[in-house]
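User: I've just opened this one and would like a guided look around. Can we go through it with some questions?

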Amino acid sequence: MEQFSRWSCIAHSLVSKHTPKIKLGQVHQLLAACLGHRTYASLPVADLKILNQKPHYVLFDEGAGLARAADLGFSLTEAQWREVTMALRPSGITPFWLTTMAGMDSAARITFEDSFDFRIHAMEREVGFPDGHRGLSTRCHSKEDEIPDFLRFDVHGEVCGYNEETSLAIPVIAVVEFPKVGRRMYGDGTLVSVERRGETRTRDLDEDEYDGEVYWMSED
């Protein structure tokens with residue numbers, strides 16, 4: 001079953017509990033709005049093939065779907081529509097990230113932390129034995145309402161290592177980039193650059209505990 005058809009069947013079964021008269025074609029309109037389309041008719045032309053090819057990230061605009069429901073005369077509440085969109089997220093249903101522009105901050109940090117870039121390994125060897133690297137904060141180069149052709153983030157982080165005496169960290173700034181592949185879809189992230197930004201410091205091992213927000217991600 002195609003990805004959009006799978007979503008539509010699930011969404012229709014849940015939405016119809018609250019608005020029994022809604023038709024499957026109208027649910028198509030709601031989901032198309034979440035993908036940035038004014039009508040369902042433009043979705044097959046522009047994005048359906050890409051969606052079925054499993055893009056890495058889809059910026060899913062829940063508010064646009066709710067607004068389309070109101071335009072069609074259906075009084076769905078935010079909580080009811082949220083129930084529907086959350087049902088689309090398990091990896092057995094959607095094998096990629098359904099997220100927001102704000103959620104892409106986490107994608108950028110994870111791209112940096114999962115990288116095996118030679119520049120990072122070189123820095124690790126400067127201080128002794130490699131001990132991984134981590135992102136501490138991110139900054140998007142675009143505004144919240146922009147969907148650029150290349151979505152770029154600065155990731156401020158640390159390259160960690162240790163020697164016989166202590167554990168050390170080198171402050172760095174990395175640029176991570178995601179290519180746009182659909183109207184609100186992005187491909188896999190790339191580590192464009194990573195540069196030292198400061199002096200090596202002694203690291204407290206308690207700092208390794210991450211207290212950030214976790215976003216849903218495919219298990220594929």
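User: Let's start with charged pairs: how many salt bridges does the count come to?

Analyst: One thing up front: this is a predicted model. Side chains of opposite charge can pair when their charged atoms come close. Here a side-chain nitrogen of Lys or Arg has to be within 4 Å of a carboxyl oxygen of Asp or Glu. By that rule, the number of salt bridges is 11.

User: Which residue forms a salt bridge with Glu62 at 2.4 Å?

Analyst: Glu62 sits in helix α5, residues 62-71, and its partner is in helix α6, 20 residues apart, so look to a distant part of the chain. Glu62 counts as buried because its relative accessibility is 18% and the cut-off is under 20%. The partner is partly exposed, with a relative accessible area of 37%. With the closest N and O atoms 2.4 Å apart, that partner is Arg82.

User: Which residue is linked with Glu62 and Arg82 in a network of salt bridges?

Analyst: We already have the pair of Glu62 and Arg82. They belong to a network of salt bridges, and the other residue named in it is Arg89.

User: Over in the strands, which residue forms a salt bridge with Arg134?

Analyst: Arg134 is in strand β3 (residues 129-140) and its partner is in strand β4 (residues 150-162), so the pair ties together parts 24 residues apart in sequence. Both partners are buried. The closest N and O atoms are 3.2 Å apart, and the residue across from Arg134 is Glu158.

User: And which side chain meets Glu158 in a salt bridge of 2.7 Å?

Analyst: This partner lies in strand β8 (residues 201-202), 43 residues from Glu158 in strand β4. Glu158 is buried, with a relative accessible area of 5%, while the partner is partly exposed at 30%. The N to O distance is 2.7 Å, and the side chain is that of Arg201.

User: Now the nonpolar side. Which helix gives the most to the largest nonpolar core?

Analyst: That core has 26 residues, and those touching the most other members include Phe4, Trp7, Leu31 and Trp81. Helices α1 (3-18), α2 (24-34), α4 (48-52) and α6 (78-87) each supply at least two of its residues. The top contributor, with 5 residues, is α1.

User: Leaving aside sequence neighbours within four places, which residues is Trp7 in contact with?

Analyst: Trp7 is among the residues that touch the most other members of the largest nonpolar core. Setting aside neighbours within four places in sequence, its contacts are Leu31, Leu35, Leu51, Phe60, Leu88, Ile93, Thr94, Phe96 and Leu98.

User: How many residues are in the other core?

Analyst: This other core lies apart from the largest one. Its members include Met101, Phe112, Phe178 and Val194, and its size is 25 residues.

User: Is helix α7 mostly covered or mostly open, and how many of its residues are buried?

Analyst: Helix α7 covers residues 104-113. The buried ones are Met104, Ser106, Ala107, Ala108, Arg109, Thr111 and Phe112. The helix is mostly covered, and the buried share is 7 of 10 residues.

User: Which residue other than glycine has a positive phi near 65 degrees?

Analyst: Most residues other than glycine have a negative phi. The one we want is in the loop between α4 and β1 (57-59). It is partly exposed, with a relative accessible area of 48%. With phi near 65 degrees, the residue is Lys54.

User: Leaving aside close sequence neighbours, which residues does Gly36 contact?

Analyst: Gly36 is in the loop between α2 and α3 (42-46), and at 33% relative accessibility it counts as partly exposed. Its C-alpha atom is 9.9 Å from that of Asp47, 11 residues apart along the chain. Beyond neighbours within four places in sequence, Gly36 is in contact with Arg183 and Arg184.

User: Last one, on the whole chain: what percentage of the residues count as buried?

Analyst: The protein chain has 8 helices and 8 strands, and its C-alpha trace spans about 70 × 30 × 30 Å along the principal axes. Its accessible surface comes to about 11600 Å². Of the 220 residues, the share that counts as buried is 45%.

Methods. Residues numbered from 1 in each chain as written. Predicted model: local features only at pLDDT ≥ 70, side-chain atom pairs only at ≥ 80, totals over all residues. Heavy atoms only, no water. Helix = DSSP H or I, 4+ residues; strand = E, 2+ residues; numbered from the N terminus. Buried < 20%, exposed > 50% of the residue type's maximum accessible area, 1.4 Å probe, protein only. Areas by Shrake-Rupley, 256 points an atom, 1.4 Å probe, with all protein chains shown as cover. Core = buried A, V, L, I, M, F, W, Y, C linked by side-chain atoms within 4.5 Å. Contact = heavy atoms within 4.5 Å.
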